[in-house]
Amino acid sequence: MGSAYSGFIQPWMERGGDAWPAWLDCIDRFCTALAALLGGHDRGILPATQSVRALAKLLPALPKAPAGKSVWLASERPFPHWASSCNKRGVWDYELRLLPRSLDPGEVQTWETALTPDVCGALITHVHSNNGVVSPVAEITGLCAARGIWSIVDVAQSAGILPLSVETLGADVVLGSCVKWLCGGPGAGFLWLRAGLIPQLNPVDVGWFSHADPFEMDIHSFRYADDARRFWGGTPSVAPYAIATAGLELLAALGIDAVLAHNRALIQAFIEAAPRSLRARISLDRRGGTLCIPVGEELAAVRGALEAAQLRFDCRSSVVRLSFHLCNTMQDARASGRAWPR
């Protein structure tokens, strides 16, 4: 609450409409904290209230693909916001091709085969929300780079729980959100652009904060900002970034290795307290921080038992998801295991 008060509320109370310098400093602090946690330079970071909105701005700004390359490739398995931004043929000159659910997007061979000569871009999910599988992103983006294919990586389910660097992922673009493991709540998304890419991009959907000098107020002059904020658009939200910065700075101080170790210790405590019949359904091989347990026809019984124990969880179809984080204790994990129906 401290950063939200000092970065957003207090300047508003004390300066009214003159709070903008302090508010922009607040967003700069967010970008600096995010870069410290995920790597890269803060000038490559676009604060975006919705990562899917940032993606929709980015795609038409990319340089035109060579003739014969008109396909963006993605998997059917991840969260469907990819498709909502990409399935726009007639507005932008490309088509969306989805890897069928029968193919594992966590296997390099899947992408090796699917990255055909007509593909101009790939939308890659680092950790899949429905099963927790971690994709070998650096290998996939390496294939893309070797074949002249744009690569965009979604780290919404990995940032804050898995050690990662946006630079070593090898992607052209990385996008994510602070609403999950980064402990920032909704409205504080982000997009990162690799060094050297920004000058090639000329976004169409712009606003006064896309300008090199937003407060110049000259209708005859528009110059793109020389960093990722050329995609920013109109008047930005401030409060979500003021709130999210506290979570980013806390995670950086603790270290993501320690956060992951805590998560794994709690998962192990859950497994030890859970029924033996459940253990065979749980795999931690190539998995992120969320425990995704397929329950099939047992969904109603499992949901009822966990709700009766006043536990927090969510479901994707017939998969129950448990996400143990810093706020959870060994007691929480064991209680979750004991509550599972015998």
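Is Arg286 buried, exposed or partly exposed? With a relative accessible area of 33%, Arg286 is partly exposed, where buried stands for under 20% relative accessible area, exposed for over 50% and partly exposed for what lies in between (1.4 Å probe, protein chains only). The model discussed here is a predicted one, in which local features need pLDDT of at least 70 and side-chain atom pairs count only at pLDDT 80 or more, while totals for chains, interfaces and linings use all residues. Residues are numbered from 1 along each chain as its sequence is written, and side-chain values use heavy atoms, with hydrogens and water left out.

Arg286 is a convenient entry to the salt bridges, each being a side-chain nitrogen of Lys or Arg within 4 Å of a carboxyl oxygen of Asp or Glu. Over the whole structure, 13 salt bridges are found. Arg286 pairs in this way with Asp104, and their closest N and O atoms are 3.7 Å apart. Because Arg286 sits in the loop between α9 (276-279) and β8 while Asp104 sits in the loop between β3 and α5, the pair ties together parts that are 182 residues apart in sequence. Helices (H or I, at least four residues) and strands (E, at least two) are taken here as DSSP runs, numbered from the N terminus.

A second salt bridge joins Glu298 and Arg281, with 3.1 Å between the closest N and O atoms. Glu298 belongs to the loop between β8 and α10 (299-308) and Arg281 to the loop between α9 and β8, so this pair ties together parts that are 17 residues apart in sequence. Both ends are partly exposed: Glu298 has a relative accessible area of 37%, and Arg281 has one of 28%. Elsewhere, salt bridges with shared partners join Arg43, Asp226 and Asp227 into one network.

Arg97 and Asp118 also meet through their side chains in a salt bridge, at 2.7 Å from N to O. This pair links distant parts of the chain, 21 residues apart, with Arg97 in strand β3 (residues 95-99) and Asp118 in the loop between α5 (108-114) and β4 (119-125). Arg97 is partly exposed at 30% relative accessibility, and Asp118 is partly exposed with a relative accessible area of 25%.

The strand that follows this loop, β4, is mostly covered, with 7 of its 7 residues buried. Strands are said to pair if DSSP finds at least two bridges between them. Strand β2 (residues 71-75) runs parallel to β4 and is joined to it by 3 bridges, and Trp72 has Gly121 of β4 as its bridge partner. With strand β5 (residues 150-154), β4 pairs in the parallel sense over 5 bridges; here Thr125 is matched with Asp154 of β5.

An open sheet of 3 strands is arranged in the order β8-β10-β9, with antiparallel pairing. Its edge strands, β8 (290-294) and β9 (314-316), each pair on one side only. Neighbouring strands of this sheet are turned against each other by 30° on average, direction ignored. Between β9 and strand β10 (residues 319-323), the antiparallel pairing runs over 3 bridges, and Cys315 has Val320 of β10 as its bridge partner.

Turning to the helices, α8 (residues 256-273) and α11 (residues 330-339) pack at an angle of about 35°, with their axes 7 Å apart. Axes are lines fitted to C-alpha atoms, for helices over the stretch in contact, and angles run from 0 to 180 degrees between N-to-C directions. Contact, meaning heavy atoms within 4.5 Å, is made by Ala265, Leu266, Ala269, Phe270 and Ala273 of α8 and by Met330, Ala333, Arg334, Ser336, Gly337 and Arg338 of α11.

Helix α3 (residues 51-58) has 6 of its 8 residues buried, so it is largely enclosed by the rest of the structure. The buried residues of α3 are Ser51, Ala54, Leu55, Ala56, Lys57 and Leu58. Lys57 and Leu58 are also among the contacts of Phe231 beyond its neighbours within four places in sequence, a list that further includes Leu46, Ala61 and Leu193. Phe231 itself is placed in the loop between β7 (189-193) and α7 (239-254) and is buried, with a relative accessible area of 2%. From Phe231 to Val206 the C-alpha to C-alpha distance is 6.2 Å, although the two are 25 residues apart in sequence.
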